[in-house]
Amino acid sequence: MKSWPAIDFGHTSYDAAFTRGDVYGVVPDAERAKRRPLTVAVAGAGGVAQAKWIPAIRHLQTKGEPVAVTAIADPRAEVAEKAAALAGSAAFADVAAMLDARRPDILLVLATDAAHVPIATQAIELGIPCLIEKPLARNFTEATDLVRNAEQAGVLLASVANKRFSPPYAMAKALIEAGALKSTPSVFTGKFTLGYPYVDLLEGGTVHLLDLVQWFMGPVSKLHARGIRCDDGGLLSAVVSFAFASGAIGSLTTSAAAMSFKPWERVEIIGRNAFLVVDDQIETTLYDDETGPAKSWRPVVPNTLMFDEAFGGYAGLLENVLDAVRGLAPLATPAKDGAAAVGLIEAIRRSLAEDRDVDIAAEGLAP
Ligand SMILES: NC(=O)c1ccc[n+]([C@@H]2O[C@H](COP(=O)([O-])OP(=O)(O)OC[C@H]3O[C@@H](n4cnc5c(N)ncnc54)[C@H](O)[C@@H]3O)[C@@H](O)[C@H]2O)c1
């Protein structure tokens with residue numbers, strides 16, 4: 001491999017720092033300013049809306065993106081009002097009333113999991129594109145029905161797969177596409193652990209890796225899962241083995257018996273006499289030479305960027321969805337991919353319950 005992929009790894013770009021003297025990346029950007037201005041409405045104003053998405057919108061606005069938050073809806077009045085004040089927009093108690101009053105160009109569906117499908121369905125009926133938080137739906141049938149409704153109505157539907165836009169994972173993908181593994185990926189190993197018990201291990205956390213696994217490796221054809229249950233019957237830990245349609249194989253270990261504030265995520269992908277590792281969504285390392293050095297990338301901390309909005313992948317994902325609504329870029333995270341991750345969750349649950357291989361296509365679990 002002769003040239004390295006041009007991934008912004010969270011640092012101020014060379015051009016901004018050394019040519020433009022614009023280390024914060026705030027100098028007006030004439031090209032960006034010419035894009036069609038879009039209004040965004042937000043459904044659900046809790047943790048992820050306030051801590052991730054409103055800052056991601058601010059990050060894009062700071063870089064000159066013509067986007068504005070028009071309204072925020074949440075049935076918890078004080079939460080809606082606080083978030084609306086943060087975003088400089090209007091507060092509503094009800095999503096339908098908000099959509100009627102404001103007709104946004106795009107709706108961010110950031111509400112509780114169970115509200116994703118009903119809220120997105122209302123928006124699709126009005127022809128309003130949506131970006132929907134993970135998990136796309138609570139089960140595979142609802143997920144695929146939603147995707148089909150949107151396709152029939154011709155409405156753009158995106159699913160949150162923010163890790164794809166996080167530089168260490170974007171770097172891994174770009175390295176693979178540039179042939180750094182010297183073959184197509186042949187083996188995937190993933191680890192995801194957390195310590196807090198209040199989220200569902202598969203839908204709340206592992207779903208991120210269930211998106212990444214198919215993004216890196218292509219469709220899963222079969223899987224088999226083994227698990228350990230908590231006293232209340234919930235899933236405590238699971239190990240999943242995958243066969244991919246490409247002929248590659250893989251495994252994923254996920255556990256709620258570990259800790260949340262310690263290393264919790266690792267992806268390893270083997271090609272042929274070369275492999276790469278993404279550790280805790282912070283560092284990507286390529287091992288492609290028995291005797292030469294490993295090549296690794298990680299951000300300098302602190303740097304001058306507003307960190308999590310860009311590094312967490314939220315701003316990059318949102319920027320892509322805005323451009324997809326404008327017709328300027330292909331949508332990188334179609335809702336169909338969110339449905340595919342929900343399909344894997346369903347397959348893992350079946351495999352755990354019945355201790356058997358689940359054939360994804362034969363059991364209708366591929367969207
Ligand atoms: N991408 C990520 O890494 C990430 C991180 C955290 C959460 N999430 C997802 O984001 C979503 C929200 O998570 P959170 O942590 O902000 O939860 P939260 O409980 O803090 O907030 C959810 C909000 O949705 C509101 N809500 C419920 N029903 C609604 C409805 N019908 N209309 C409008 N609002 C409604 C609730 O009142 C609450 O304020 C979840 O689906 C979660 O899985 C994703």
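In this predicted model, V277 sits opposite T285 of β13. That pair belongs to the ladder between strand β12 (residues 275-279) and strand β13 (residues 283-287). The two strands run antiparallel and are joined by five bridges. D279 also has a partner in β13: it stands opposite E283. β12 and β13 make a hairpin, with three residues between them. In its turn, D280 has a positive phi of about 50 degrees.

β12 has another neighbour, β11. Five bridges link β11 to β12, again with the strands antiparallel. Here I270 has F275 in β12 as its bridge partner. This pair of strands is a hairpin too, with four residues between β11 and β12. N273 lies in the turn and has a positive phi of about 55 degrees.

Now step back to the whole sheet. Strands pair through backbone hydrogen bonds, either parallel or antiparallel. The sheet here is open and has nine strands, with mixed pairing. Its order is β14-β13-β12-β11-β7-β10-β9-β8-β15. Which strands stand at the edges? They are β14 (295-297) and β15 (358-359). Each has a single partner strand, so one side of each has no neighbour in the sheet.

Helices lie across these strands. Helix α9 (residues 201-217) crosses β7 (187-193), β8 (220-229), β9 (235-244), β10 (249-255) and β11 (265-270). Its direction is about 160 degrees to β7. Helix α12 (residues 335-354) lies across β8, β9 and β15. α12 runs at about 55 degrees to β8.

Next, the domains. The domain assignment gives domain 1 (14-162) and domain 2 (164-306 + 335-359). Their centres, taken over C-alpha atoms, are 26 Å apart. Domain 1 puts 22 residues into the contact, and domain 2 puts in 19 residues. On the domain 1 side, the elements giving two or more residues are α3 (47-62), α7 (140-153) and β6 (157-159). Which of them gives the most? It is α7, with six residues. By class, this side of domain 1 has 15 nonpolar, five polar and two charged residues.

α3 returns at the ligand. It supplies the largest share of the surrounding shell, three residues. Of the 24 residues around the ligand, those that come nearest are G44, G46, G47, V48 and A111. By class, the shell has 13 nonpolar, six polar and five charged residues. So much for the ligand site; α3 thus appears both in this shell and on the side of domain 1 that touches domain 2.

Technical notes: Residues are numbered from 1 along each chain as its sequence is written. This is a predicted model: local features need pLDDT of at least 70, side-chain atom pairs count only at pLDDT 80 or more; totals for chains, interfaces and linings use all residues. Domain bounds come from an automatic or database domain assignment. Two residues are in contact if their C-beta atoms, placed from the backbone, lie within 7 Å. Ala, Val, Leu, Ile, Met, Phe, Trp, Tyr, Cys and Pro count as nonpolar, Asp, Glu, Lys and Arg as charged, and the others, Gly among them, as polar. Two strands pair if DSSP finds at least two bridges between them. Axes are lines fitted to C-alpha atoms, for helices over the stretch in contact, and angles run from 0 to 180 degrees between N-to-C directions. A residue is near a molecule or strand if its C-beta atom, placed from the backbone, lies within 6 Å of it.
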